[in-house]
Structures are given as structure tokens and as C-alpha cells.
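Me: I've got a structure open and I keep running into words like "buried" and "core". Could you go through where those labels come from?

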Amino acid sequence: MFRCMLSLAEQRWQCSVRCMSSAARRKRALRSAFQVLEQPLQPIHQHVYEANLRNSIACRNKYIELSEKVRKGGGENAIARHTQRNRKLMVRERLRLLLDDEDFLELSPFAGLGLPYGDIPSAGCLTGVGRINGLWCMFIANDATVKGGTAYPITVKKQLRAQEIAIQNRLPCVYLVDSGGAFLPLQSEIFPDKNQGGRTFYNEAIMSAMKIAQVSVVCGSCTAGGAYIPTMAEEAVMVHRIGTIFLGGPPLVKAATGEEVTAEDLGGARLHAEVSGCVDHFAWEEKEAYDYTRNIVSTLNFQLPEEEDEERKRKAEEQPLYSSEELLGLAPKSYNYSLDVKMVISRLTDGSRFQEFKALYGTTLITGFAKIHGHLVGIVANDGELSYPATLKGSHFVQLCDQRDIPLLFLQNTAPTTALTLSTTQAEMNTNHLKAQGSMMSAVACASVPKITVVIGGCHGADSFAMCGRAFDPNFLFLWPNARVSITAPGHAGSLLPPDSEQVEEEKKTQEEDKLNRRLKEESSAFFSSSRLWDDGVILPQDTRKVLRDCLDIIKQQQYQMSTEKLQPPLLRI
Ligand code: COA
């Protein structure tokens, strides 16, 4: 079973490395003169644009409010305990010392807000991709101001998603561990199942075997489950006085044996560096630990492109012709407020250029090639209902990109409901449509190229799968704050209820419909989705081009790893 899983993972990355190594041999991209999309705002757009803008501003305010909330972590008292009593650095300060700069791609910062078991800011753990000595690395960093960094079910989910992204994009992982292990009152949702706590450790071993580096910094408590992260890492650093590793702490020892022992003597940095060998580097203080870690990362065998070449490439990139701020007015407040999606594309691509594919066929799906910060991508964007011809066109284009090893970017805005079957002719049309949808889903699922999905409007029904929704495993999936994610859009609950029957009173039916619509409205918001980790985060429309650049840079990095072919067993700490 283990071999089987490993070889599947192995095949997947070997395939993507093969794709990438052919890219590495290319000295320069072929010249292109894609057509410029002339898509200025026109007076005719004003009414819809302004309504969208008002909605986007309200969503942005909510985004800012939540961002401020999660930055406060576990609150004032917990911060005082963490910094003054425990004399530890705050998690963002740690990242500032670890990473080259503060400009990192944070993943799902709103995860954990408003859950049935409470508000867990950032799910108690920051994850993201940042550069260390120029190399993009995944970081997974506990925030011990949130209930001592203990793992809630959402924390585990967030860590597993971070590891999944690291596997898919072959990113070295750095764990900053400061955790009291499982949040005990919810143990039944954390411990027993496959994709729960133990999976993090399993993944660590699998990634190490795949030569995806695993590095750990013990900068706080590593109790119980937390203890396995550094002991399974390939290289671990531990900070004197604040770092401890043990399965049960001094209170447990006292209860079991009556012996009084200090945390330092039981599992401090000296013990683990000098006696147990659980860690490889002893640091006197936190800053030194992050310096060690940066040096460890510089021993990973990557060769990045020359900085001057990168600089020259960046300078040669064309900016879009139109301001990214205009995306706020293009982000649809609902499906009926969607403007031509080419207006969105022209505000994301280099020079607003776009080489459209099948421009005259299946026109409710726009497909074509463009560059984003110099990266060639195939764009698949909804521009109306995903009709039968649009779906056929989508399948064709996705396969084309797969054949050419070109990453795919899905701009998703699917229709609020699925088609009804009210006549025989319609039933026949729907069946054909169903077959075409199935083909597009297969094409998307089987395409071995990297995929990025941005939900710019609606994410509803089966069309969302064909447009590479979460279940279809995109490398990254982000939502604009106006986005709605639900089986059908709010206001369309009627399509989900059983057809009219004389027994059901009209009034009762209306009440049911209203209730369902209210629920759909609440549960479909982008923030609701992100708090449950159905995506990799909410991004502001005006930041989309930058986020896409980071994702495409991150995806490309694996071609610079020098040693990938030979599979190794995971490194074992004796
Ligand atoms: N489950 C649930 N809650 C926990 C917890 C756990 N495993 N570990 C800590 N907490 C809670 C504490 O009750 C406290 O809650 P409060 O803020 O509402 O009072 C909060 O987390 C912070 O803990 P506290 O002990 O006050 O902070 P600290 O910085 O002094 O110590 C730890 C942090 C993690 C080192 C310490 O709490 C500890 O050792 N916890 C037990 C760890 C353990 O045995 N885990 C076994 C898991 S299988």
C-alpha cells in the first residue's frame, strides 16, 4: 500500500519534472505578438460597474476588518503571556527573521473564523510560501497565542493543505513548532481518521522520500503530537530555554511517578542536542535559530537563475493597459452583474494581450493564451452559461495546453443554477450537455499541467468542477471577496426544492424557500468558504496579478532542483 502510494506520487512529480526540464532547456521564449484587448470602460457599463464597485468596497472593508482581527492572534492577555512571561517572539516576527522579506504569499489567513467551536484566528497556525535565500519554501508556523498553539481540527486541515501544496509544487517545508499538541476537547475530530493529525507525520516521511526537504525549528513547546514534527524532519534546530520536546510534560511526570522535573531537564534544547540527538543544531536564542535555518536552506541543492537575468526579464514585461483598481467594478456582485470577462483578462495579462482560441465558437467560455509577468498561460474564463459548445471548446483547449505543457488559469464565474428539464427536447439537450460536461471534467482532472483557479464571481453546481473547483485539485485556488460558493446561488433555492404539489401550501413553500435562500446567502460568502478552508484564501481583485505571478514563479521553481530523479527512503533519525 505504502509503495503503491509512493509510486503514484512519484509518477506525478516525475511527469511534472519532465515537463519542466524541457522548459529549462529553452533559452528564451518564442516571440509573440498577441493581440491587444481593447477593453476600456464605456458609459454603457457605468450602472453595473458602480453597483459592483459599491459591493466590492463593502467586501474590501470586511476583508480589512478580518485581517486586523486575525493579526491579533489569541488576544492581549495571550500575547502578554507569550512575549513577556514566556519571552518568545510573535509568529510574524519569526517569519520576518526567517524569510528574505515580508512579501510572502500567505495562505488562508481567515481559516478558523466563525466555526461551530469558536473563532480560531488563522486556525492557530500561519502557512504560506516565502523566499529563503531566494528559494520559495512552504512555512507552517504555530501561533502559540492561540490556546498554546494547540491543534484544532481546522489547524490540522490547514497544515495538511500546506503540505499538499508543497508536494504538488515540490517546495521545501520549514516548520516553526510551538504547540501544545492536540486541542484535547476535540480529540475525536483530530486523532483517529486518515486525514487528521497523524497524516502530517506520514506526509513528512513521504515528502522526505520524494526529496522535498523537511526542516524544523523548535521555538516553543513541542508536546505530544507536536514532538514528532522535529523528530521526523531531516534537519532540526532548537532554541535554548524556550524550546522543549516531550510526549508528556512535567505535570504528567509528577502525576505518574511523583518526580519533580523541570521542562528544561525533561526535554530542553541541551538535552536534545547533546543527549537524545533529536535535534541537530542548538541555538542560544531565536534569531540564531532562524540564521541556522536560512543556512540549512542554502545547502539544499537548487540552482536558481542569475538575478540579473531575472531582473532583465522583469524589466521587459509589459504592464496591462488598464488599472487593476478597475477590477473592483468588474467583480460581479451577482451573476446578473457580470460584464464581459475580457475586461477582466485585459487587466491581468502582460500588455493586455490575449491570443484567443476559437473566438467564434462556444462564446460563453473564453479560452486563449496570454502572458502574466512573462509566464505563458492558457486562460479558461466563464462569460455566461457553460453551454454545450462552450464545454466542448473548454475540453479542446485544456487538452491543447496539456499537450504543450502550458499552465492553466481558470477564471470562474459559473451560472447560479443548473438547467431544468421541462420538455423532451430540453431533456435531450441536457443529456448532451451532461456528456460534454463529463468530458471537460475528465480533461481538467487528467491534465498534468499546473492549474490555478480564481473564483471571480459564482462557484455553483457541476460547472464549477469543470472550471477546476477545489475537488479538481488545482495547485492554488483563490476567491475574490465578492465570490459566492454554493450548490446553487442565493435567491435560487426554488430550484432545489421538490416540484409543486397540491399538498404543499403555497405559503409554506415560500417560507421554506426563504429559509433556504437566507442560509445559502450566509453559507456562500467567500469568507465563510475561506474560514473552512475550501480555498487557499481570499485575495483582493487588484492584487490578483501579483498573486498569480507568485504562484507561477513558485510552480516553476522545481525545475531548478538539481537532484530529483533518484528516490530515497526518508531520512531516519536514529
Ligand atoms: N488542549 C486544550 N487546551 C489547551 C491544551 C490542550 N492540549 N494545552 C493548552 N491549552 C490551553 C490552556 O488551557 C490555556 O487556555 P486559556 O487561555 O483559556 O486559559 C491556553 O491553552 C494556554 O495554555 P497555558 O498553559 O496557559 O500557556 P503556556 O504558554 O504556559 O503553556 C503549553 C502552553 C502548551 C506548554 C501548556 O499549556 C501545556 O503543556 N499544555 C498541555 C499540553 C499537552 O499535554 N498536550 C497533550 C495533547 S495530546
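**Where the labels come from**

Reply: Happy to, and a good place to start is helix α6, whose buried residues are G197, R199, T200, F201, N203, E204, I206, M207, S208 and A209. Keep in mind that this is a predicted model.

Me: What makes helix α6 "largely enclosed"?

Reply: It's a head count. Ten of the 13 residues of helix α6 (residues 197-209) are buried, so the helix is largely enclosed by the rest of the structure. Just after α6, K211 has a positive phi of about 65°.

Me: And how many residues of α5 are buried?

Reply: In α5 the count is 14 of the 17 residues, so α5 too is largely enclosed by the rest of the structure. Just past the end of α5, R170 takes a positive phi of about 50°.

Me: How do you know that the length of α5 fits a helix of 17 residues?

Reply: Compare the expected span with the model. At 1.5 Å a residue, helix α5 (residues 153-169) should span 24 Å, and its end C-alpha atoms are 25 Å apart, which agrees. The expected figure uses 1.5 Å times one less than the number of residues.

Me: Why is H460 called buried?

Reply: The cut-off for buried is under 20% relative accessible area. H460 comes in at 5%, so it is buried. You'll find H460 in strand β14 (residues 458-460).

Me: What does H460 touch, leaving out residues up to four places away in sequence?

Reply: H460 touches Q412, T414, A415, P416, R484, S486, I487, T488 and A489. With S486 there's a polar partner too: the H460 side chain reaches the backbone oxygen of S486 at 2.8 Å. A polar contact needs N or O atoms within 3.5 Å, and 2.8 Å is the distance here.

Me: Why does V398 count as buried?

Reply: Its relative accessibility is 0%, so V398 counts as buried. It sits in helix α15 (residues 388-404). Apart from neighbours within four places in sequence, its contacts are V380, L408, F410, A443, V444 and A447. V398 and C446 are 48 residues apart along the chain, with 9.7 Å between their C-alpha atoms.

Me: F34 is in a loop. Why is F34 labelled buried or exposed?

Reply: Buried, because its relative accessibility is 14% and the limit is under 20%. The loop in question runs between α1 (2-25) and α2 (46-71). F34 touches R353, F354, Q355, F369, A370 and L376, not counting residues up to four places away in sequence. From F34 to G351 it's 317 residues in sequence, but 9.1 Å in space, C-alpha to C-alpha.

Me: R241 and L533 both lie in loops. Why does each get its accessibility label?

Reply: R241 has 41% relative accessibility, so it counts as partly exposed, since that label covers values between the 20% and 50% cut-offs. L533 is at 4%, so it is buried. R241 is in the loop between β6 (235-239) and β7 (244-246), and L533 is in the loop between α19 (526-531) and α20. As for backbone angles, R241 has a positive phi of about 75° although it is not a glycine; L533, also not a glycine, has a positive phi of about 65°.

Me: What makes a set of residues a "nonpolar core"?

Reply: They have to be buried residues of the nonpolar kinds, joined through side-chain atoms within 4.5 Å. The largest such core has 63 residues, and M138, V344, I345, I379, L411 and F476 touch the most other members. Helix α20 (residues 544-556) gives the most to this core, with six residues. Another core, of 29 residues, lies apart from it, and includes F104, L135, F139 and A213.

Me: Which residues come nearest to the ligand?

Reply: Of the 14 residues around the ligand, those are R85, N86, K147, G180 and A182. A polar side-chain atom of R85 is 2.3 Å from a ligand oxygen atom, and one of N86 is 2.9 Å from a ligand oxygen atom. With G180, a backbone N or O atom is 2.9 Å from a nitrogen atom of the ligand.

Me: How much of the ligand does the protein cover?

Reply: The protein covers 55% of the 860 Å² of accessible area that the ligand has on its own.

Note on methods
Residues numbered from 1 in each chain as written. Predicted model: local features only at pLDDT ≥ 70, side-chain atom pairs only at ≥ 80, totals over all residues. Heavy atoms only, no water. Buried < 20%, exposed > 50% of the residue type's maximum accessible area, 1.4 Å probe, protein only. Helix = DSSP H or I, 4+ residues; strand = E, 2+ residues; numbered from the N terminus. Polar contact = N/O pair within 3.5 Å; in protein donor to acceptor, adjacent residues only side chain to side chain. Contact = heavy atoms within 4.5 Å. Near = heavy atom within 4 Å. Areas by Shrake-Rupley, 256 points an atom, 1.4 Å probe, with all protein chains shown as cover.
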